[in-house]
Amino acid sequence: MAETKFYGTGRRKNAIAKVWVKPGEGNIEVNKKSVEDYFGKKTLVMVVKQPLDVTSTEAKYDIIASVHGGGISGQAGAVRHGLSRALVEADPELRPALKAAGFMTRDPRMKERRKYGLKKARKASQFSKR
């Protein structure tokens with residue numbers, strides 16, 4: 001008998017997460033490490049677990065995530081987005097709760113590009129009259 005897995009892709013800034021959800025007892029694995037070991041900070045672990053808290057499915061699924069690119073905060077957001085998409089694929093009735101919490105929407109905020117003549121995106125060198 002084939003094991004059922006549900007897939008979701010999540011993106012945030014430059015981070016991309018591939019997330020698989022399968023029936024289980026609530027283990028979360030990110031890049032072959034436990035979620036606490038990979039992210040370290042409790043706030044980032046909380047961000048990853050938010051879709052499970054909203055839908056009350058903490059002990060119902062095992063989550064396996066592969067994430068690359070960006071920093072750890074962007075990666076946590078990408079895993080959250082991918083997990084939300086995978087949960088909806090597993091159970092479409094969870095969609096309204098996840099949508100109301102804002103987890104189904106991809107965060108469009110990106111780093112602003114650097115403009116020529118400036119040091120950074122908006123930082124200019126100090127003005128002097130002479």
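**Close-up views of charged and aromatic side chains**

With a relative accessibility of 55%, Arg109 counts as exposed, and the views below, which begin with this residue, are all taken from a predicted model.

**View A. Salt bridge between Arg109 and Asp107, and the network to which both belong**. The closest N and O atoms of Arg109 and Asp107 are 2.8 Å apart, and the two side chains form a salt bridge. Whereas Arg109 is exposed, Asp107 is buried, its relative accessible area being 18%, a value that falls under the 20% limit used for buried residues. Arg12 joins these two residues, so that Arg12, Asp107 and Arg109 are linked in a network of salt bridges.

**View B. Salt bridge between helices H1 and H2**. The count of salt bridges in the model comes to five, and one of them joins Lys49 to Glu36, with 3.4 Å between the closest N and O atoms. Because Lys49 lies in helix H2 (residues 42-55) and Glu36 in helix H1 (residues 35-39), this pair ties together parts that are 13 residues apart in sequence. Lys49 is partly exposed at a relative accessible area of 28%, and Glu36 is likewise partly exposed, at 42%.

**View C. Salt bridge between Glu112 and Lys115**. The side chains of Glu112 and Lys115 meet with an N to O distance of 2.5 Å. Glu112 has a relative accessible area of 35% and is partly exposed, and Lys115, at 25% relative accessibility, also counts as partly exposed.

**View D. Positive surface patch of four lysines**. Lys111, Lys119, Lys120 and Lys123 form a positive patch on the surface. Of these residues, Lys123 is found in the segment that comes after helix H4 (95-101).

**View E. Tilted aromatic pair between strands S1 and S2**. A search of the whole structure finds two aromatic pairs, one of which is formed by Tyr7 and Trp20, with 5.3 Å from centre to centre and a tilted arrangement in which the planes make an angle of 50°. Since Tyr7 belongs to strand S1 (residues 6-12) and Trp20 to strand S2 (residues 15-23), the pair ties together parts that are 13 residues apart in sequence. Tyr7 is partly exposed, with a relative accessible area of 31%, and Trp20 counts as partly exposed at 29%.

**View F. Edge-to-face aromatic pair of Tyr38 and Phe39**. The rings of Tyr38 and Phe39 lie 5.0 Å apart, centre to centre, with 90° between their planes, and form an edge-to-face pair. Tyr38 counts as partly exposed at 22% relative accessibility, whereas Phe39 is buried, with a relative accessible area of 5%.

Conventions
Residues numbered from 1 in each chain as written. Predicted model: local features only at pLDDT ≥ 70, side-chain atom pairs only at ≥ 80, totals over all residues. Heavy atoms only, no water. Phe/Tyr/Trp six-rings, centres within 6.5 Å; stacked < 30°, edge-to-face > 60°. Helix = DSSP H or I, 4+ residues; strand = E, 2+ residues; numbered from the N terminus. Buried < 20%, exposed > 50% of the residue type's maximum accessible area, 1.4 Å probe, protein only. Patch = residues over 30% accessible without salt bridge, like charges linked within 9 Å, V, L, I, M, F, W, Y side chains within 5 Å. Areas by Shrake-Rupley, 256 points an atom, 1.4 Å probe, with all protein chains shown as cover. Lys, Arg positive; Asp, Glu negative; His and termini not counted. Charge placed at Lys NZ, Arg CZ, Asp CG, Glu CD.
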